Structure formats: C-alpha cells, structure tokens
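Open your viewer and get your selection tool ready. We will go from stop to stop, and at each one you will hear what to select and what is there.

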Amino acid sequence: MWIYSSLWNADDWATRGGLVKADWSQAPFTASYRNFNARACVWTSGSSSCSASGSTNNSWLSQSLDGSGQGRIKWVQKNYMIYNYCTDTKRFPQGPPPECSMA
C-alpha cells in the first residue's frame with residue numbers, strides 16, 4: 001500500500017482568490033506522516049479480505065459518525081475550511097465531481 005499526497009500549486013482557486021500567498025522561497029515543500037496505521041483490504045485470487053463474512057477485523061468498513069461527530073465535522077468546516085471544491089462553480093462549470101453528491 002502507498003500513500004500519495006500533493007501540494008496545491010497556489011492557483012487562484014487554491015489560495016482563496018489570491019488572499020493566501022505562496023512563499024516559494026521555502027521550496028522544496030515536504031510532507032511526512034507519523035503514526036500512520038492502514039487497516040486495508042487485500043485483494044487476492046479474485047476476492048477481497050474485506051468481504052469475509054463475520055470478520056470483526058473489518059468492522060471499520062461499516063462505521064459512520066453519529067450526530068455528535070457530524071456536528072463536530074460541520075463546526076470544523078465552518079470555522080477552518082477555506083476552500084471546498086464541491087462548491088467551486090468557476091473551476092467546475094459543468095457541475096461538481098461525482099463524489100460531491102455522495103451522502
């Protein structure tokens with residue numbers, strides 16, 4: 001398994017319309033991960049280890065946030081999120097990407 005990440009290139013859409021300036025003198029930019037533990041499914045011989053019925057190791061697949069957790073996420077979005085590409089009609093004039101309509 002691999003983890004990929006990217007840094008935005010400081011285009012207008014990624015900088016709140018140019019309000020956030022990129023300090024290119026700090027390049028190259030790096031990112032790191034600490035204490036990352038992936039509990040992933042393994043695909044072997046045409047079947048997934050996550051499809052094993054009754055497996056408690058995969059209980060995370062069906063977990064979801066309760067009302068309190070959803071409320072906390074909304075609070076963080078309201079107070080800290082500076083860009084939501086799902087609402088960027090300038091970048092996506094044809095409509096938002098498919099994942100934006102997922103519940």
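In which segment does Pro-28 lie? Select it and you will find Pro-28 in the segment before β1. Show the backbone too: the peptide bond from Ala-27 to Pro-28 is cis, with omega near 0 degrees. As background, most peptide bonds are trans.

A word on what you are viewing. This is a predicted model, in which local features need pLDDT of at least 70 and side-chain atom pairs count only at pLDDT 80 or more, while totals for chains, interfaces and linings use all residues. Residues are numbered from 1 along each chain as its sequence is written, and side-chain values use heavy atoms, with hydrogens and water left out.

**The whole chain**

Colour by pLDDT, the predictor's confidence in each residue on a scale from 0 to 100. The protein averages 78, and 78% of the residues score at least 70. Where pLDDT is low, the predicted coordinates should not be read in detail.

Now switch to a cartoon. You should see one helix and two strands, in the order β-β-α along the sequence. Here helices (H or I, at least four residues) and strands (E, at least two) are DSSP runs, numbered from the N terminus. Among these elements, strand β2 (residues 47-48) has the lowest mean pLDDT, 77, and helix α1 (residues 67-80) has the highest, 91.

Of the 103 residues, 10% count as buried; buried means under 20% relative accessible area, exposed over 50%, and partly exposed in between (1.4 Å probe, protein chains only). Among contacts between residues at least 6 apart in sequence, 29% join residues at least 24 apart, where contact means heavy atoms within 4.5 Å.

**Asp-12**

Select Asp-12, in the segment before β1 (43-44). Asp-12 is partly exposed, with a relative accessible area of 43%. Leaving out residues up to four places away in sequence, Asp-12 touches Gly-17, Gly-18 and Lys-90.

**Helix α1**

Next, select α1 and turn it side-on. Its 14 residues should span 20 Å at 1.5 Å a residue, and the end C-alpha atoms are 20 Å apart, which agrees. The expected span is 1.5 Å times one less than the number of residues.

Zoom in on the start of α1. There, a side-chain oxygen of Asp-66 reaches to within 3.2 Å of the backbone nitrogen of Ser-68. This is a polar contact, meaning a pair of N or O atoms within 3.5 Å; within protein, one must be able to donate a hydrogen and the other to accept it, and residues adjacent in sequence count only if both atoms are side-chain atoms.

**Aromatic pairs**

How many aromatic pairs does the structure hold? There are two. Select Trp-75 and Tyr-80: their ring centres are 5.8 Å apart and their planes stand at 65 degrees, so this pair is edge-to-face. Rings of Phe, Tyr and Trp (its six-membered ring) pair if their centres lie within 6.5 Å; planes under 30 degrees apart count as stacked, over 60 as edge-to-face and the rest as tilted. Trp-75 is partly exposed at 49% relative accessible area, and Tyr-80 is exposed at 58%.

Move on to Tyr-85 and Phe-92. With ring centres 6.0 Å apart and planes at 55 degrees, this pair is tilted. Tyr-85 is partly exposed at 31%, whereas Phe-92 counts as buried at 17%.

Keep both rings displayed and add Pro-97, in the segment after α1. Pro-97 is buried, with a relative accessible area of 15%. Leaving aside neighbours within four places in sequence, Pro-97 is in contact with Tyr-85 and Phe-92. The C-alpha atoms of Pro-97 and Tyr-85 are 8.7 Å apart, with the two residues twelve apart in sequence.

**The disulfide**

For the last stop, select Cys-86 and Cys-100. A disulfide joins them, S to S 1.9 Å, where a disulfide is a pair of cysteine sulfur atoms within 2.5 Å. A search of the whole structure finds one. The link of Cys-86 and Cys-100 is left-handed, with -80 degrees about the S-S bond. Cys-86 is partly exposed, with a relative accessible area of 29%.
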